[in-house]
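Dear colleague,

Please find below the structure that I am handing over to you. My findings follow it.

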Amino acid sequence: MTPIIPYYTETRTLPNGLTVIVVQMPSDGLAAYWTIVRTGSRDEYEPDRTGFAHFFEHMMFRGTERFPSDVYNRVITTIGADANAYTTDDHTAYHLAMAAEDLEKVMELESDRFQNLSYAESAFQTEAGAVYGEYRKSRTEPEFALYEELVGTAFERHPYGHTTLGYERDIAIMPTLYEYSREFWRRYYRPENTVLFIAGDVTPPAVFALVDKYYGGWQRGYVAPQIPVEPEQTAERRVDVSYDGQTLPIVMIAYKLPVYDAADRTRVAADLFADLAFGETSEAYRRLVLDEQVVEDIDAGAAYNRDPGLLEIYARVKDPAKVDYVLGVIDETIATFRSAPPDAARLADLQRRLRYGFLMGLQTPDDVASRAAQFVALSGDLTGLDRLHATYAAVTPADVRTAAERYLVDERRTVGVLRSRQ
Amino acid sequence: MSRGVRIVATALAVLGTACTPPSPPPAVTEREEIPVVLLNVPADPTISFSLQFAVGSQNDPPGKEGLAYLTGDMLADAATEARSLDEILAALYPLAADYDIRVDLERSTLTGRVHRDNLDAYLELFTDAFLKPAFDEDDFERIRSDAINAIENTLRYSSDEELGKAGLHEAVFRGTRYAHLSWGTVAGLRSITLDDVRTFYRQHYTRANALLGVGGGFDQALVDRLAAAVKQLPAGARAAPPSIEPQPIDGRSVVLIDKPNADASISFGFPLDVRRGERDFYALWIANSWLGEHRNQSSHLFNVIRELRGLNYGDYSYIEEFPEGGERNMPPVNVPRRIQLFEVWIRTLPNEQAPFALRAALRELQLLVDEGMTAEEFELTRTFLKKYMLHFAETTDARLGYAIDDRFYGLDDEGHLARFRRMMDELTLEDVNAAMKRHWHYDNLKIAIVTGEAAQMRALLARGEPTPITYPTPKPAAILEEDRIIEAWPLNLAEERMTTVPVAETFEH
């Protein structure tokens with residue numbers, strides 16, 4: 001299989017299970033240092049623990065005995081790195097954009113906090129306030145309000161039924177969960193659940209030598225989460241949300257997909273269907289956005305999750321009286337794809353777009369790491385990304401139709417509509 | 001050189017790095033008819049385009065606020081004479097390329113990027129966008145409707161933080177052509193006709209106003225083709241921009257944006273007459289980075305309000321325009337201004353904690369201006385910036401954007417990023433502390449607060465009484481001791497200097 005990343009790449013797995021991927025690329029002395037923990041809100045399967053993976057991401061900046069947070073921050077400041085982190089359904093990424101010459105200093109800091117995290121209960125409680133603030137700023141967005149309800153309706157048991165921020169009631173009790181936070185760290189922040197991705201002006205042998213030195217002593221101990229299996233959906237679901245502010249009505253429709261498999265042409269074709277049916281060059285876009293101008297925007301995409309996820313269709317409707325009309329056009333569009341394969345030339349255009357779009361997005365080491373992270377989190381290495389792009393290229397119009405026939409059926413879907421309360 | 005265009009080989013100094021200085025790509029300017037900024041990076045498989053026009057929302061005729069924005073979008077998001085918009089989208093689709101325009105207060109910049117494999121297919125689409133806009137009536141209605149929705153729904157109701165920042169900007173620049181949003185106002189947008197757009201385009205999208213930029217792995221033939229296209233624009237004449245003289249701020253005043261059920265989002269600041277290139281600008285950058293580096297844990301405000309007290313998600317400060325602050329980490333390009341806004345951004349927090357957070361931020365600003373940075377803080381911050389700035393322009397298109405902006409600021413020879421780096425070595429602690437005293441102040445500023453409790457907040461702020469906060473969990477004695485000082489920090493806010501605006505009336509006119 002041809003590697004999709006056009007730079008020299010080496011992958012190694014340490015005896016303790018830590019996978020290390022090094023991408024050597026010319027980058028004017030810059031490097032990206034990503035630590036990808038294969039734990040996200042998917043792992044929040046216990047009662048009242050929604051949002052905890054994200055909260056824990058914040059705690060990772062609260063220091064160790066050797067490098068307390070003020071010392072850690074001072075070192076990061078001194079080397080002028082751009083350091084941050086984020087949490088998704090399936091993984092949590094800690095990333096630094098930095099000068100390659102600072103690699104060993106950064107590795108000393110990062111390996112220390114992943115192995116020796118230590119924070120006081122007071123710091124833990126203070127950080128809970130910052131997480132609440134993040135929720136406050138997000139909840140003013142109508143899309144967030146609808147999405148929270150949509151996934152909560154679509155999933156009855158699986159943790160994909162809550163957003164990565166978690167429910168407000170669970171955020172409110174976070175300050176009381178210090179002991180649980182230590183347990184969370186012991187269970188999930190382990191080498192066999194982590195991938196180190198380093199890209200830029202670096203050489204693999206030098207990186208691996210440092211990794212042996214700084215991560216070799218990290219102890220295994222990963223405890224797999226007891227994630228409940230989502231029961232098969234058998235009937236369409238619907239959720240209507242009233243929004244306190246003023247907004248255009250928003251429609252989101254979520255279809256249940258089978259588990260993602262980069263080698264499964266039909267499953268991969270679901271994402272291509274989404275773009276062909278509702279993307280900027282689709283008939284639905286031309287009709288609803290450009291010609292009739294009844295929606296401001298329409299888009300769709302299929303999730304790349306570890307467990308069975310969703311294909312989501314989104315539209316902002318300009319006229320509240322036209323919500324049902326827009327839902328009808330979406331249904332008609334899906335019916336068209338179920339009844340006949342898409343035009344082969346359009347599919348070929350999309351396949352070309354996916355390839356060029358990916359390549360054009362690899363401008364910096366941080367770009368490479370951020371584009372790879374999601375797929376590294378799914379498969380634990382880069383092979384999944386290469387496989388996905390090979391499958392993209394192999395998808396046929398018949399595969400797209402098959403995907404629509406199998407997955408785009410009413411009993412697999414949840415329809416969400418948000419409108420202003422007044 | 002082809003067509004006798006004289007190439008003046010003015011190498012734009014490009015930032016070097018502390019570690020491995022990159023070989024500075026030659027950037028040259030053509031000075032005949034069409035100024036061109038070239039940033040040749042042969043190893044880059046893509047080509048970046050930039051065509052900037054000296055026109056922005058400051059040129060909106062009174063009553064037609066939003067005209068520059070709509071005109072720009074009618075170029076970048078609408079049909080051309082050769083193709084309908086859906087045909088354009090279909091043509092761009094396999095190229096994974098597009099073009100976009102940023103209409104800011106002073107400049108409108110059309111940018112695009114394409115893989116060199118796809119250059120020929122792309123070039124005609126890009127040049128048609130600015131040479132042959134169709135000014136289609138349906139496109140116009142769609143774009144205008146989207147712009148009105150962006151104010152009436154999205155800005156007013158979807159992001160309190162952006163609303164607060166926009167409210168501050170409007171308050172500081174009220175009475176000038178900087179005051180309204182670059183999108184315009186609701187009333188202005190409603191009054192604009194397609195004929196207005198056609199006229200505005202003819203008047204401002206001219207050779208006299210144009211600045212072309214090309215970056216990446218291009219050759220001279222491409223530059224010639226682009227320059228030839230730009231030369232098809234009418235000659236025009238560059239008009240002097242409108243005078244921007246914000247009213248002097250005497251004391252502190254507050255705009256409360258009354259939004260039912262909202263938490264509090266606060267911004268405060270004042271106009272700043274210091275620009276890129278000036279020595280004091282870089283001195284202020286150091287001070288500002290220490291006070292409130294954007295989305296960085298090195299920010300002192302972040303440390304005081306979030307890290308130690310957990311009141312919100314972040315707290316930052318700015319000496320240059322920084323749009324989309326919630327989404328981007330590094331400074332943007334193509335938003336040059338003659339007058340900047342010094343701005344403190346306190347992210348959303350509970351209403352009952354808002355007066356305390358405001359006091360904490362005002363106090364930190366005052367302490368910094370009065371007492372200055374310490375030698376240790378100064379050294380740490382400039383050490384940080386010397387490397388952190390490497391991330392400002394990691395890509396060809398970002399570097400091209402900086403080079404384009406250098407023309408606005410008259411930094412053709414050295415360039416902002418190179419000067420930035422030099423200044424980090426040259427400036428002294430005394431320079432920084434003196435610059436703050438010259439340009440920053442804490443008694444005369446404007447404050448914008450989005451809140452669901454406007455009446456109570458207004459009364460509380462006017463009374464000036466202490467506004468203590470409580471924590472859900474124990475705090476160290478040192479924090480509580482400092483809290484006693486912060487909660488009673490003088491606000492100096494008089495009732496008659498406060499205005500309350502219902503959210504539904506913001507940015508209407």
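In which sense, and over how many bridges, do E10(B) and strand E11 (residues 340-349) of chain B pair? In this predicted model, the two strands run antiparallel and are joined by four bridges. Within this pairing, Asp315(B) has Ile346(B) of E11(B) as its bridge partner.

Both strands belong to an open sheet of six strands in chain B, arranged in the order E10-E11-E9-E12-E8-E13 with mixed pairing. The edges are taken by strand E10 (315-318) and strand E13 (498-502) of chain B; each has a single partner strand, so one side of each is left without a neighbour in the sheet. On average, neighbouring strands of this sheet are turned by 15 degrees against each other, direction ignored.

A helix accompanies these strands. Helix H11 (residues 354-371) of chain B lies across strand E9 (264-272), E10, E11 and strand E12 (445-451) of chain B. The direction of helix H11 of chain B is at about 145 degrees to E11(B).

As regards the domains, chain B is divided into domain 1 (2-230) and domain 2 (252-395 + 413-418 + 426-505). The centres of these two domains of chain B, taken over C-alpha atoms, are separated by 31 Å. Their contact involves 26 residues from domain 1 of chain B and 40 residues from domain 2 of chain B. On the side of domain 1 of chain B that touches domain 2 of chain B, helix H5 (residues 160-172) of chain B provides the largest share, with ten residues. The residues of that side of domain 1 of chain B comprise eleven nonpolar, seven polar and eight charged.

With kind regards

How values were computed
Residues are numbered from 1 along each chain as its sequence is written. Chains are lettered from A and ligands numbered from 1 in the order in which they are written. This is a predicted model: local features need pLDDT of at least 70, side-chain atom pairs count only at pLDDT 80 or more; totals for chains, interfaces and linings use all residues. Two strands pair if DSSP finds at least two bridges between them. Axes are lines fitted to C-alpha atoms, for helices over the stretch in contact, and angles run from 0 to 180 degrees between N-to-C directions. Two residues are in contact if their C-beta atoms, placed from the backbone, lie within 7 Å. Domain bounds come from an automatic or database domain assignment. Ala, Val, Leu, Ile, Met, Phe, Trp, Tyr, Cys and Pro count as nonpolar, Asp, Glu, Lys and Arg as charged, and the others, Gly among them, as polar.
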